Amino acid sequence: MNDSTAKDLYDKWHNQIDEFGEDNYNSPWHLMVRQYLGDLSGLKVLEIGCGRGGFSKYLLECGADLVAADFSDAAIEITKGFLQNWPRCEVMVADIQNIPFPDNTFDCVISLETLEHIPDPDRGLAELVRVTKAGGRTMVTTPNYLSSLGVLRVYRELTGRPFTEVGQPINHPLKLIDRVLKLKQLKCRIDVIDGVGHYLYVPGTPSRRIKWLDRPRAISKWFAVHSLTVATKL
Ligand SMILES: C[S@@+](CC[C@H](N)C(=O)[O-])C[C@H]1O[C@@H](n2cnc3c(N)ncnc32)[C@H](O)[C@@H]1O
């Protein structure tokens with residue numbers, strides 16, 4: 001799929017769906033990242049793949065000097081309206097695979113649930129690290145397919161029903177362990193590896209979260225659906 005087709009599809013998707021709305025900063029992955037953000041006062045922060053700006057607003061509340069970016073014009077129009085009264089905030093259209101900033105620009109670069117939805121996730125990850133300053137942090141979440149979600153996907157594909165994440169046009173089956181290894185290759189120190197969310201998927205019924213599986217985190221994080229890495233660029 002070329003970049004302009006992907007852009008059209010994401011515009012259509014944002015116009016159809018309400019799931020990633022302006023007030024969306026309480027999903028399981030948002031709650032997980034929020035534990036590790038700390039005080040962002042005075043820090044230059046990029047959030048890319050910001051959707052309609054729900055989590056961007058949370059970052060502004062934490063004191064960030066923020067650039068909020070997304071590939072979709074439709075999403076950015078909504079985000080611009082939503083964040084218009086915030087100082088220290090620039091909202092722009094940008095492709096995560098080709099971020100329009102020089103190397104070493106941001107103290108903190110955040111991208112949530114986006115790398116799995118772009119044509120080249122490895123290039124996107126390398127771009128996130130490139131624009132992070134040496135000593136700065138790159139915080140990334142994606143679904144982890146080494147989990148019940150991966151089993152659901154294989155089941156659906158074997159039974160002839162293609163799998164998507166709520167209708168998004170590109171859905172790479174990424175894994176937490178692969179991202180950890182790639183970040184090391186990109187000369188990052190991994191500060192946090194985390195994961196939550198274990199679900200029981202029974203055909204014909206809504207998915208059920210099994211919360212007690214989140215508790216023995218040291219092992220279960222590797223097999224959870226929502227995964228987080230926080231890495232420092234060396
Ligand atoms: C699943 S949504 C995640 C939204 C938000 N980060 C969240 O956590 O709820 C994925 C987002 O990635 C955006 N996106 C898709 N391809 C992109 C690209 N190449 N560059 C930047 N953003 C992209 C989509 O428009 C969409 O807003």
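This passage walks through the overall build of a predicted protein model, then its ligand shell, one helix and one residue of a strand.

The protein chain holds eight helices and nine strands. Its radius of gyration is 17 Å, close to the 17 Å expected from the globule rule for 234 residues, so the chain is as compact as a globular protein of that length. Taken along the principal axes, the C-alpha atoms fill a box of roughly 50 × 40 × 30 Å. Of the 234 residues, 40% count as buried. Among contacts with a separation of 6 or more, 70% are accounted for by residues 24 or more positions apart.

Turning to the ligand, 20 residues surround it, and the closest are G49, G51, F71, I96 and L112. By character, this shell divides into 10 nonpolar, seven polar and three charged residues.

Helix α5 spans residues 121–130, and its buried residues are P121, G124, L125, E127, L128 and V129. An α-helix has 3.6 residues a turn, so residues three or four places apart point the same way. The cover over the buried residues of α5 includes the strands β4 (106–112), β5 (132–143), β6 (188–196) and β9 (226–233), along with helix α7 (176–185).

A closer look at strand β1 (residues 44–48) brings up L46. This residue is buried because 27 other C-beta atoms lie within 10 Å, where 20 or more are enough to qualify. Leaving aside residues up to four places away in sequence, L46 touches V67, A69, F106, V109, I110 and V131. By contrast, I210 lies 33 Å from L46, C-alpha to C-alpha, with their positions 164 residues apart in sequence.

Terms used:
Residues numbered from 1 in each chain as written. Predicted model: local features only at pLDDT ≥ 70, side-chain atom pairs only at ≥ 80, totals over all residues. Buried ≥ 20, exposed ≤ 12 C-beta atoms within 10 Å, placed from the backbone. Helix = DSSP H or I, 4+ residues; strand = E, 2+ residues; numbered from the N terminus. Contact = placed C-beta atoms within 7 Å. Near = placed C-beta within 6 Å. Nonpolar A, V, L, I, M, F, W, Y, C, P; charged D, E, K, R; others polar. Rg over C-alpha atoms; globule rule 2.2 N^0.38 Å.
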